Amino acid sequence: RAEILRSQIQLRRQEVEPYPDIRTGPSFQTGTVSHTSQYWLTIEFNIPVWNLNQGNIRSANATVKEQLAELEVIRNELNRKTAEVFAKHVAARERAERIRVQILPNAERALHLIQDAYVKGQFDVNRLLESQRNLAEVSSDYFEAAEDAWTTAAELASGQFVQTTTTKQGAFSATLEINAKV
């Protein structure tokens with residue numbers, strides 16, 4: 001924004017200076033013969049017949065327009081990034097809610113049923129372990145979705161758009177893409 005303001009000031013300066021500055025000055029000359037000194041006043045200026053500083057005005061105007069266009073590009077990029085992060089946030093929040101409300105209770109209920117059946121001798125230990133592993137995976141998925149929702153909420157709140165990735169082992173890495181506010 002400072003560059004745009006500077007360019008706009010330069011444009012205004014070029015517009016108000018279509019006529020050149022007038023230069024004035026006194027002069028004195030003395031000769032070798034006595035009483036032959038001269039005094040005079042000089043007034044100098046360029047006569048703007050055709051130009052009227054149009055080249056500088058057009059150049060400054062083009063600079064202002066270019067910088068305004070660059071500002072719009074940056075603003076559009078930030079809007080795109082914000083929309084992208086917001087979409088990720090909504091998706092992660094909905095995913096976490098769906099897991100918490102629908103999938104997690106079903107996995108817990110299935111584990112309890114299989115535990116009861118195991119105690120009664122209807123299922124073997126492999127089926128019980130599989131149900132426990134299933135509940136652990138669903139819980140892990142829920143925590144990942146909740147983490148994604150909170151991470152994107154923090155990104156939206158701070159204005160720092162960070163791309164995050166989580167691997168199967170749970171390692172967390174982040175790279176800063178944009179840290180700018182316009």
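How far apart should the ends of H3 be if its 34 residues each add 1.5 Å, and what distance separates its end C-alpha atoms? In this predicted model, the expected span of H3 is 50 Å, and its end C-alpha atoms lie 49 Å apart, which agrees with the expectation. Just after H3, glycine 159 takes a positive phi of about 80 degrees.

With H3 in view, we can turn to the helix beside it. The axes of H2 and H3 come within 8 Å of each other and cross at roughly 160 degrees. Because angles over 145 degrees count as roughly antiparallel, H2 and H3 are described as roughly antiparallel to each other. The crossing in which H2 passes H3 is left-handed.

Where the two helices meet, it helps to ask which residues make up the largest nonpolar core. That core has eight residues, namely Ile99, Leu104, Ala107, Leu111, Ile114, Leu128, Leu135 and Val138. Helix H2, which runs over residues 54-119, and helix H3, which runs over 125-158, each supply at least two residues of this core, and H2 gives the most, with five residues. As a broader background, in soluble globular proteins nonpolar side chains tend to be buried together.

Leucine 128, one of the core residues, is also among the buried residues of H3. If its neighbours within four places in sequence are left aside, leucine 128 is in contact with Leu111, Ile114, Gln115 and Tyr118. The buried residues of H3 include, besides Leu128, Ser131, Leu135, Val138, Ala145, Ala146, Ala149, Thr152 and Glu155.

Thr152 also leads us back to H2, through a residue that can be followed in the structure above. Valine 90 has its place in helix H2, and because its relative accessibility is 19% while buried means under 20%, valine 90 counts as buried. Although valine 90 and threonine 152 are 62 residues apart in sequence, their C-alpha atoms are 8.9 Å apart in space.

The remaining helix to follow is H1, which covers residues 2-16 and packs against H2 at an angle of about 160 degrees, with the two axes 8 Å apart. That angle makes H1 roughly antiparallel to H2, and H1 passes H2 in a left-handed crossing. On the side of H1, the contact is made by Glu3, Ile4, Ser7, Gln8, Gln10, Leu11, Gln14 and Glu15, while on the side of H2 the residues taking part include Asn56, Ile57, Ala60, Val64 and Leu71.

How values were computed
Residues numbered from 1 in each chain as written. Predicted model: local features only at pLDDT ≥ 70, side-chain atom pairs only at ≥ 80, totals over all residues. Heavy atoms only, no water. Core = buried A, V, L, I, M, F, W, Y, C linked by side-chain atoms within 4.5 Å. Buried < 20%, exposed > 50% of the residue type's maximum accessible area, 1.4 Å probe, protein only. Helix = DSSP H or I, 4+ residues; strand = E, 2+ residues; numbered from the N terminus. Contact = heavy atoms within 4.5 Å. Expected span 1.5 Å × (residues − 1). Axes fitted to C-alpha atoms, helices over the stretch in contact; angles between N-to-C directions. Parallel < 35°, antiparallel > 145°, perpendicular 65-115°, else oblique. Left-handed = near helix turned anticlockwise from the far one by under 90°.
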